Amino acid sequence: IIPLNGLTTGNHEYEWRVGKEFFESFENSEILDAELVASVVVEKSGRYLGIDCDVTGDVTVECDRCLDDLIMPVEVEVKLSVKYGDEESSEEHHEGEREVVFIPETDAEFDLSQIIYDYVCLDLPMQRVHEEGECNPDALKYLEEQEVKGVSEAADKNPFAALKGLF
């Protein structure tokens, strides 16, 4: 949370540790553990408020293949321009490479929690698997057995098998 009331002109630096408790507060089931550092620089000049946030570290997720813990590196850069007042339209706003966020004039603080959470989750790949040979060998044996059974069962249940000898 960045306090806006009393924020003087110039740059202000903040640094937060983002861990397992942070993601649990969002009731996230994907991220099991985290060791992240969020480094934030807030630039205030008149009514302009620019926020540069770098989030780096590692998160632990489940491997999609073997369901064991998988540590994934995270490196996220967020650049925001904060504007006071109501959003003029429902379109996305961007100022160059910065995303524009609108907050009410009455807000005394700016909460970055949801933004950090969203950007970290978006940084994770769709498919999360260990490198070749690093998956749990017991789980891989089970998967291979199930694949072989599934292929033979599918061949037995083929509805077009009776048509095979017509021609």
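Here are some short exercises on this predicted model, each with a worked solution.

**Exercise 1. Get your bearings: work out how many helices and strands the chain has, and in which order they come.**

Start with the count: the chain has three helices and eight strands. Now walk along the sequence, and you get β-β-α-β-β-β-β-β-β-α-α. For a feel of the whole chain, note that buried residues account for 32% of its 167 residues. Then look at contacts with a separation of 6 or more: 57% of them join residues 24 or more positions apart.

**Exercise 2. Find the strands that pair with E5, and give the sense of each pairing.**

Take E4 (residues 48–62) to begin with. This strand runs antiparallel to E5 (residues 69–84), and 14 bridges join the two. To check the register, pick Gly57, which sits opposite Val74 in E5. Next, look at the turn: E4 and E5 make a hairpin with six residues between them, and Leu67 in that turn has a positive phi of about 70 degrees.

Now for the other partner. E7 (residues 98–103) pairs with E5 in the parallel sense, over five bridges. Here you can use Ser81 as a marker, since its bridge partner in E7 is Val100.

**Exercise 3. Describe the largest nonpolar core: how many residues has it, and which of them have the most contacts inside it?**

The count is 39 residues, and Val59 and Phe110 have the most contacts inside this core. Next, ask where the residues come from: H1, E3 (33–45), E4, E5, E7 and H2 each supply at least two. E5 gives the most, with seven residues.

Zoom in on Phe110. Leaving out residues up to four places away in sequence, Phe110 touches Ile1, Ile2, Leu4, Ile51, Leu80, Val82, Val101, Ile103 and Ile115. As background, nonpolar side chains tend to be buried together in soluble globular proteins.

**Exercise 4. Count the aromatic pairs, then classify Tyr14–Trp16 and Phe23–Tyr117 by geometry.**

The total is five aromatic pairs. For Tyr14 and Trp16, the ring centres are 5.7 Å apart and the planes differ by 10 degrees; with stacking set at under 30 degrees, this pair is stacked. Check the surroundings too: Tyr14 is partly exposed at 21% relative accessible area, and Trp16 is partly exposed at 26%.

Move on to Phe23 and Tyr117, with 6.0 Å centre to centre and 45 degrees between the planes, which makes the pair tilted. Phe23 belongs to helix H1 (residues 20–24) and Tyr117 to helix H2 (residues 113–123), so this pair ties together parts that are 94 residues apart in sequence. Both Phe23 and Tyr117 are buried. Finally, follow the ring pairs outward: they link Phe22, Phe23, Phe26 and Tyr117 into a cluster.

**Exercise 5. Explain why Cys63 and Cys135 are not bonded, and see where Cys66 stands.**

Recall that a disulfide is a covalent bond between the sulfur atoms of two cysteines. The cut-off here is within 2.5 Å. The closest cysteine sulfur to that of Cys63 belongs to Cys135 and lies 3.7 Å away, so the gap is too far for a bond. Cys63 is buried, at 0% relative accessibility.

Cys66 is in no disulfide either: its nearest cysteine sulfur is that of Cys63, 3.8 Å away. Cys66 is buried as well, with a relative accessible area of 8%. The tally for the structure is zero disulfides.

Notes: Residues numbered from 1 in each chain as written. Predicted model: local features only at pLDDT ≥ 70, side-chain atom pairs only at ≥ 80, totals over all residues. Heavy atoms only, no water. Phe/Tyr/Trp six-rings, centres within 6.5 Å; stacked < 30°, edge-to-face > 60°. Buried < 20%, exposed > 50% of the residue type's maximum accessible area, 1.4 Å probe, protein only. Helix = DSSP H or I, 4+ residues; strand = E, 2+ residues; numbered from the N terminus. Pairing = 2+ DSSP bridges. Core = buried A, V, L, I, M, F, W, Y, C linked by side-chain atoms within 4.5 Å. Contact = heavy atoms within 4.5 Å.
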